[in-house]
Amino acid sequence: MNFSETQVNEILDKLEFQYPDADCALRHESVFQLLVAVVLSAQTTDKSVNVVTKKLFEAYPDARSLAQADQAQVEQMIKRIGMYKTKSKNILALSDILVEKYDGQVPEDYDRLIELPGVGRKTANVVLAVGFGHQRIAVDTHVFRVTNRIGLVKEKDVLKTELALMETLPEERWSRAHHSFIFHGRNCCHARKPDCENCVIGYICEKAGL
Ligand code: SF4
């Protein structure tokens, strides 16, 4: 099904109404902390990232302090999350680059962000959207699954999904829509057993009752 502009907006309206508080769940007090939290969140839950960053950011609140940190100590602090050794290495290295090249600040620029260790397309988009207020669609596993099930896009991978969503959704709604899809994926459109019966967009979704 190809959705009309009105239907696309209706889907977004319904989801926004259903999840009025949909926002980034990673706790942070600066763009730097957001960047580190997103890097740590790869293949792990936001909840466990929030547990480890509490202590981490108390000890190392900014790029300058984290760049000076001892890697073994950082590993100790974040070891309850997956790939903690690689992630420790990455957040220390990216802090170092921020200090050396950007005076300790996070660059508000996609191309510069993705040059940082551990930062890919999704992380850069989240930082630009949440940290700097740009309109971006970061496609994670929830956004990929939910938008393809609804039928807003029909794509096989995350990059194609992101590009197709940029075509389909009105730009001024990209960032908010991204959070709505994540919340819908977590709360209703589960990977294994979507709760289609209680879904607010079940009447319009292509895969309702799959
Ligand atoms: S109707 Fe089912 S498949 Fe479609 S968005 Fe809702 S929960 Fe997901």
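# A chat about cores, cysteines and salt bridges

User: Hi! Where does Asn 148 lie?
Analyst: Asn 148 is in helix α9, which covers residues 141–150. Please keep in mind that this is a predicted model.

User: Thanks. Is Asn 148 buried or exposed?
Analyst: Asn 148 is buried, with a relative accessible area of 14%.

User: And what is Asn 148 in contact with, leaving aside neighbours within four places in sequence?
Analyst: With those neighbours set aside, Asn 148 touches Val 153, Lys 154, Glu 155, Thr 161 and Lys 207.

User: Let's move to the inside. Which residues touch the most other members in the largest nonpolar core?
Analyst: That core has 35 residues, and the ones touching the most other members are Leu 35, Leu 40, Leu 56, Leu 66, Ile 91 and Leu 98.

User: Which elements give two or more residues to this core?
Analyst: They are α2 (31–40), α3 (46–59), α4 (63–67), α5 (71–78), α6 (84–102), α7 (110–113) and α8 (121–132). The largest share, eight residues, is from α2.

User: How many of the residues in α2 are buried, then?
Analyst: Nine of its ten residues are buried, so α2 is mostly covered. The buried ones are Phe 32, Gln 33, Leu 34, Leu 35, Val 36, Ala 37, Val 38, Val 39 and Leu 40.

User: What covers the buried residues of α2?
Analyst: The cover includes α3, α4, α5, α6 and α8.

User: You listed Ile 91 a moment ago. What is Ile 91 in contact with, apart from neighbours within four places in sequence?
Analyst: Ile 91 is in contact with Val 36, Val 39, Leu 40, Leu 56, Leu 66 and Val 74, once those neighbours are left aside. Leu 40, Leu 56 and Leu 66 also appear among the core residues that touch the most other members.

User: Which residues does the second, separate core include?
Analyst: That second core has 27 residues, and Ala 22, Val 143, Val 146 and Leu 165 are among them.

User: New topic: cysteines. How many disulfides does a search of the whole structure find?
Analyst: The search finds zero disulfides.

User: What about Cys 188, which cysteine sulfur is nearest?
Analyst: The nearest one belongs to Cys 199, 4.3 Å away. A disulfide needs the two sulfur atoms within 2.5 Å, so this pair does not count as one. Cys 188 is buried at 6% relative accessible area, and Cys 199 is buried too, at 18%.

User: Where is Cys 189?
Analyst: Cys 189 is in the segment after α11. Its relative accessible area is 10%, which makes Cys 189 buried. Leaving aside neighbours within four places in sequence, Cys 189 is in contact with Arg 145, Val 146, Arg 149, His 184 and Pro 194. Val 146 is also a member of the second core.

User: How far apart are the C-alpha atoms of Cys 189 and Tyr 203?
Analyst: They are separated by 14 Å, and the two residues are 14 residues apart along the chain.

User: Okay, charges next. How many salt bridges does the search find?
Analyst: It finds eight salt bridges in the whole structure. In general, side chains of opposite charge can pair when their charged atoms come close.

User: Which side chain does Asp 13 meet in a salt bridge?
Analyst: Asp 13 meets Arg 173, at 2.7 Å from N to O. The pair links distant parts of the chain, 160 residues apart: Asp 13 is in helix α1 (residues 5–18) and Arg 173 is in the loop between α10 (158–168) and α11 (174–187). Asp 13 is partly exposed at 42% relative accessible area, whereas Arg 173 counts as buried at 13%.

User: Which residue forms a salt bridge with Arg 173 at 3.2 Å?
Analyst: That is Glu 16, with 3.2 Å between the closest N and O atoms. Glu 16 is in helix α1 and Arg 173 in the loop between α10 and α11, so the pair ties together parts 157 residues apart in sequence. Glu 16 is partly exposed, at 24% relative accessible area.

User: And what about Glu 75, what is its partner?
Analyst: Glu 75 forms a salt bridge with Lys 85, the closest N and O atoms being 3.6 Å apart. Glu 75 is in helix α5 and Lys 85 in helix α6, ten residues apart. Glu 75 is buried at 15% relative accessible area, while Lys 85 is partly exposed at 48%.

User: Last one: which residues do shared partners join into one network?
Analyst: Asp 13, Glu 16 and Arg 173 are joined into one network by salt bridges that share partners.

Definitions and conventions: Residues numbered from 1 in each chain as written. Predicted model: local features only at pLDDT ≥ 70, side-chain atom pairs only at ≥ 80, totals over all residues. Heavy atoms only, no water. Core = buried A, V, L, I, M, F, W, Y, C linked by side-chain atoms within 4.5 Å. Buried < 20%, exposed > 50% of the residue type's maximum accessible area, 1.4 Å probe, protein only. Helix = DSSP H or I, 4+ residues; strand = E, 2+ residues; numbered from the N terminus. Contact = heavy atoms within 4.5 Å. Salt bridge = Lys/Arg side-chain N within 4 Å of Asp/Glu carboxyl O.
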